[in-house]
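Student: Could you take me on a close look at one part of this structure, and then show me how that part sits in the rest? I would like one connected walk rather than a list.

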Amino acid sequence: MSISTAELGAKTALGPKREGPLVGLARMLGPDHRLGYLFILPTVVLVLALVAYPFCYAIYLSLTRKYVGVPPVFVGFDNYVKLTFDGFFQRAVVNSFIFTFGSVAVKLVLGMVMALVLTSGIRFRSFWTGVLLIPWVAPTVVSALNFLWIFDYSLGVLNYMLVKVFHLLPQGVGWLSEPGTAMASVIGVNIWRGFPFFGISFLAGLRAIPAEMYEAAAVDGAGPLLRFRHVTLPGIRNILIIVMLLSTIWTFNDFQIVYILTKGGPGGATQVLPVFTYEIAFGAQRLGEAIAVALYMLPALAAVIIVLARYMRQGRSR
Amino acid sequence: MDSRLKDLAEKLDTGLIARREFLRKAAVVTGGTAAGLQALSKMAGAQSQTKLRVWLFKSFVTAGNDVLEKQIQNWAKDRKVTAEIDWATFGDREQKFVAAIEAGNPPDIAEMQILGPMRYKAALRDVSKVAGDIASARGGMLPFADKAMKLDGKFYGVPRYSMTTVFYIRKDIMEAKGLKPPTVYDPGVVEFARKTQDVSKGLYGFGQTLNRSDDGNGFMQNILWNYGGGAWDKDGKPALATTFRDQNLKALQFAVDTITKQKIQPPGVMGWTDVSNNEAFMAGNLVTTNNGASLYYAMVAKKHELASKTLLVLTPGGPAGSFVGSSCYNWGIFQKSKYADLCEDMIRYMEDEERFAEYMKVSVGQAGPVYKKRTENPYWKSDPNFNAIMQNIIRSVPTGYPGPVTPAAVEVYAQNTLTDMAGRVVTAGLSPEAALKEAHARVEEIYKARRS
């Protein structure tokens with residue numbers, strides 16, 4: 001049977017009305033959808049003004065030669081190319097990775113120990129939790145200034161304890177004056193400050209694991225190590241990934257500790273990217289180049305975040 | 001909560017009005033209130049006084065800061081204006097300037113350090129008239145001040161005072177050993193330090209960091225000049241590993257040797273910041289050190305037992321002479337200011353000789369002269385230690401010497417290039433020659449970038 005064009009037109013006109021995407025969205029949002037747009041508008045404006053615009057402007061500035069008080073001159077990718085071959089920048093990149101991964105790895109271990117101890121039958125648990133949170137709560141500048149004094153060769157308390165009180169060393173150590181000890185010192189302060197965040201996050205995760213799972217594992221003959229590996233770790237896996245991700249980003253961008261303790265010295269041995277950015281921006285006043293330094297590692301960090309986020313989602317779907 | 005909003009909320013609760021109507025009316029009430037507040041704010045603003053934003057340098061000499069603030073407020077009261085004073089010190093002043101200039105919101109007037117006019121020239125006003133008037137009434141500027149403030153024939157800063165460094169010696173230890181103040185670093189300071197130090201008691205002969213700091217940068221700059229070298233030649237071109245290679249190599253070798261070979265410095269000296277030598281000297285751990293007058297002020301003001309046992313002498317020199325980097329605090333007026341005339345008036349008021357003398361006297365040697373007539377003030381003869389301060393100021397030379405003060409010279413200094421060069425030898429094990437080449441490459445790069 002054939003259908004004429006006119007009949008086809010009539011059937012189409014009588015059939016279900018086609019909906020555009022906006023109509024569908026409006027139905028989904030309900031009768032007050034216009035008001036909804038109004039409510040969300042301040043947030044959108046704020047995000048665009050305070051995040052998107054500065055970020056895009058920063059990208060633009062990184063492609064310019066920009067000195068303080070002088071209009072920018074577009075130079076394309078010159079700043080990025082120059083940085084790629086700059087020995088000082090390369091050293092800062094290497095130092096940043098040593099600082100970040102050295103610090104995050106130890107914070108992970110210490111945080112886990114802290115969480116396990118606090119979930120055990122320890123007495124005054126709340127008190128110890130509070131005490132261990134102090135480094136995380138204290139302002140970083142205050143902590144760093146205290147450590148500057150602690151690490152001082154001749155007037156610092158650390159050398160005094162090691163040499164004069166406990167007689168462990170014949171003479172003091174130049175904690176901030178030798179490349180190796182200086183890097184170890186700044187990493188140490190970052191660990192001291194950051195491990196409670198790991199611990200308290202893991203603690204929350206551990207409390208969410210049902211006790212029955214441990215009992216079942218024990219019945220099956222699993223010892224403490226096996227229970228930790230097959231019950232505890234899978235139970236806090238997502239928290240572990242999030243915490244590591246956040247800590248990696250924060251540590252990579254940590255400025256205060258290194259700047260206050262060493263300013264990137266001695267001889268650039270603890271120069272990390274945030275301090276390098278700061279020096280190029282405020283010391284050299286090359287704002288375009290400084291922003292290029294800050295943005296240079298953005299793709300690498302973004303890749304880490306994407307990979308970890310994807311890994312986490314996969315874990316959740318299993 | 002506004003009573004009208006409360007009424008609306010109650011009506012909504014009781015179902016007298018629809019949610020949409022509530023939102024519409026609430027928006028009208030809120031908007032009306034905001035508009036009213038803005039109108040009130042404008043009315044209030046129209047009645048306020050002229051406000052001048054003044055940024056000052058917060059020095060370690062707190063008595064000087066107090067006098068400075070008092071004098072500015074007196075001026076403001078006299079002129080019936082409001083002076084909004086903000087302070088910045090060594091670690092944050094340049095950052096504040098950079099941020100304010102880039103945000104298009106600099107102060108009207110600021111007290112800047114010697115490199116300020118060069119760093120912020122693009123945002124500063126030409127103050128040649130007021131600078132010239134003040135200088136001519138005081139016998140003219142000292143050469144270093146004129147050179148540092150005048151760029152392309154115009155003044156971008158009005159000189160105020162010079163805060164120089166001098167060489168501090170523990171007079172009691174020196175006299176006990178029957179020694180005289182050293183006039184050169186090698187062998188003078190080295191031998192002096194060896195003879196006076198007692199490492200077993202934690203007393204070291206010399207305390208001078210080569211770490212990233214104003215103290216470290218200043219020393220490295222001076223020591224290169226002392227050996228006849230420097231980072232720049234007389235035309236302002238890079239000279240670190242070219243024109244002055246041999247001289248600079250000897251100077252660098254000497255500087256690192258004080259730590260690695262001569263062992264006259266405390267072991268932790270490469271980790272020092274600007275205050276570390278002050279603390280070590282006042283703790284009795286150093287026989288000699290280089291520092292500004294603030295250390296002497298701190299000892300005198302606190303009636304520290306070492307104040308009377310401390311001798312201030314001229315900074316030691318080297319084979320080519322004795323050089324000291326200049327300091328010249330100055331007033332700069334920003335282009336954006338709508339009150340340039342008021343700012344100039346404030347400068348003239350503050351630089352009045354009586355007022356400056358009041359500031360100078362409480363600063364215990366820190367506010368050194370930048371004008372010829374001020375060198376004749378009897379105050380500088382009131383303490384034997386002031387002679388070294390005066391002489392060091394008069395002979396000082398600005399960054400970039402023997403060439404002009406250039407943006408590249410300022411940046412090389414600000415980027416810790418010279419201290420990093422020394423640090424790479426002391427801590428990273430580079431040979432002096434390799435460190436010199438590395439630093440020269442950086443100087444060249446900065447020079448090219450600034451020229452382009």
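Tutor: Let's begin with a pair of strands: in this predicted model, β7(B) and β8(B) are antiparallel partners, held together by 5 bridges. A handy residue to find on your screen is Tyr168(B), whose bridge partner in β8(B) is Thr289(B). Tyr168(B) also stands opposite Leu312(B) in β9(B), and that second pairing, between β7(B) and strand β9 (residues 310-313) of chain B, is antiparallel with 4 bridges. In a regular strand, side chains alternate between the two faces of the sheet.

How many residues of strand β7 (residues 165-170) of chain B are buried? The count is 6 of the 6, so this strand is largely enclosed by the rest of the structure.

Now step to the loop between α12 (276-282) and β8 (288-292) of chain B, where you will find Val287(B). Is Val287(B) buried or exposed? Val287(B) counts as buried because it has 27 C-beta neighbours inside 10 Å, and the cut-off for buried is 20 or more. Setting aside neighbours within four places in sequence, Val287(B) is in contact with Ile169(B), Arg170(B), Ile173(B), Ala193(B), Thr196(B), Gln197(B), Leu203(B) and Gly205(B). As a distance to check for yourself, the C-alpha atoms of Val287(B) and Asp215(B) are separated by 17 Å, with their positions 72 residues apart along the chain.

Helix α9 (residues 185-196) of chain B holds Pro187(B), and the peptide bond that leads from Asp186(B) to Pro187(B) is cis, with omega near 10°. There is another cis bond to look at, from Tyr401(B) to Pro402(B), with omega near 5°. Pro402(B) sits in the loop between α16 (386-395) and α17 (407-414) of chain B.

Let's widen the view to chain B. Its secondary structure comes to 19 helices and 10 strands, and its C-alpha trace spans about 95 × 50 × 50 Å along the principal axes. Of its 452 residues, 50% count as buried. Among contacts in chain B with a separation of 6 or more, 77% are between residues 24 or more positions apart.

The domain assignment divides chain B into domain 1 (1-31), domain 2 (51-163 + 327-395) and domain 3 (165-324 + 415-451). Between domain 2 and domain 3 of chain B, the C-alpha centres lie 28 Å apart. Their contact takes 15 residues from domain 2 of chain B and 16 residues from domain 3 of chain B. By class, the domain 2 side of that contact has 7 nonpolar, 7 polar and 1 charged residues.

Another strand pair in chain B makes a nice contrast: strand β1 (residues 51-57) and strand β2 (residues 82-88) run parallel, joined by 7 bridges. Lys51(B) stands opposite Thr82(B) in β2(B). Together with helix α3 (residues 62-79) of chain B, β1(B) and β2(B) make a right-handed β-α-β unit.

Next, bring chain A into view. The contact between the chains takes 29 residues from chain A and 32 residues from chain B. On the chain A side, the elements that give two or more residues are α9 and α14 (273-283) of chain A, and α14(A) provides the largest share, 3 residues. By class, that side has 13 nonpolar, 12 polar and 4 charged residues.

The largest nonpolar core has 180 residues, and those with the most contacts inside it are Val186(A), Leu261(A), Leu252(B), Ala255(B) and Ala422(B). Helix α9 (residues 179-207) of chain A gives the largest share of this core, 10 residues. Not counting residues up to four places away in sequence, Leu261(A) touches Ala144(A), Phe147(A), Leu148(A), Leu176(A), Ser185(A), Val186(A) and Val189(A).

Finally, look at two lysines. Lys263(A) lies in the loop between α13 (256-261) and α14 of chain A, and its phi is near 55°, a positive value in a residue other than glycine. Lys263(B), in the loop between α11 (245-260) and α12 of chain B, has a positive phi near 55°. Lys263(A) is buried because 22 other C-beta atoms lie within 10 Å, whereas Lys263(B) counts as partly exposed because it has 16 C-beta neighbours inside 10 Å.

How values were computed. Residues are numbered from 1 along each chain as its sequence is written. Chains are lettered from A and ligands numbered from 1 in the order in which they are written. This is a predicted model: local features need pLDDT of at least 70, side-chain atom pairs count only at pLDDT 80 or more; totals for chains, interfaces and linings use all residues. Two strands pair if DSSP finds at least two bridges between them. A crossover is right-handed if, with the strands pointing away from the viewer, the path from the first strand over the helix to the second runs clockwise. A nonpolar core is a set of buried Ala, Val, Leu, Ile, Met, Phe, Trp, Tyr and Cys residues joined through C-beta atoms within 7 Å. A residue is buried if 20 or more other C-beta atoms lie within 10 Å of its own, exposed if 12 or fewer, and partly exposed in between; C-beta atoms are placed from the backbone. Two residues are in contact if their C-beta atoms, placed from the backbone, lie within 7 Å. Ala, Val, Leu, Ile, Met, Phe, Trp, Tyr, Cys and Pro count as nonpolar, Asp, Glu, Lys and Arg as charged, and the others, Gly among them, as polar. Domain bounds come from an automatic or database domain assignment.
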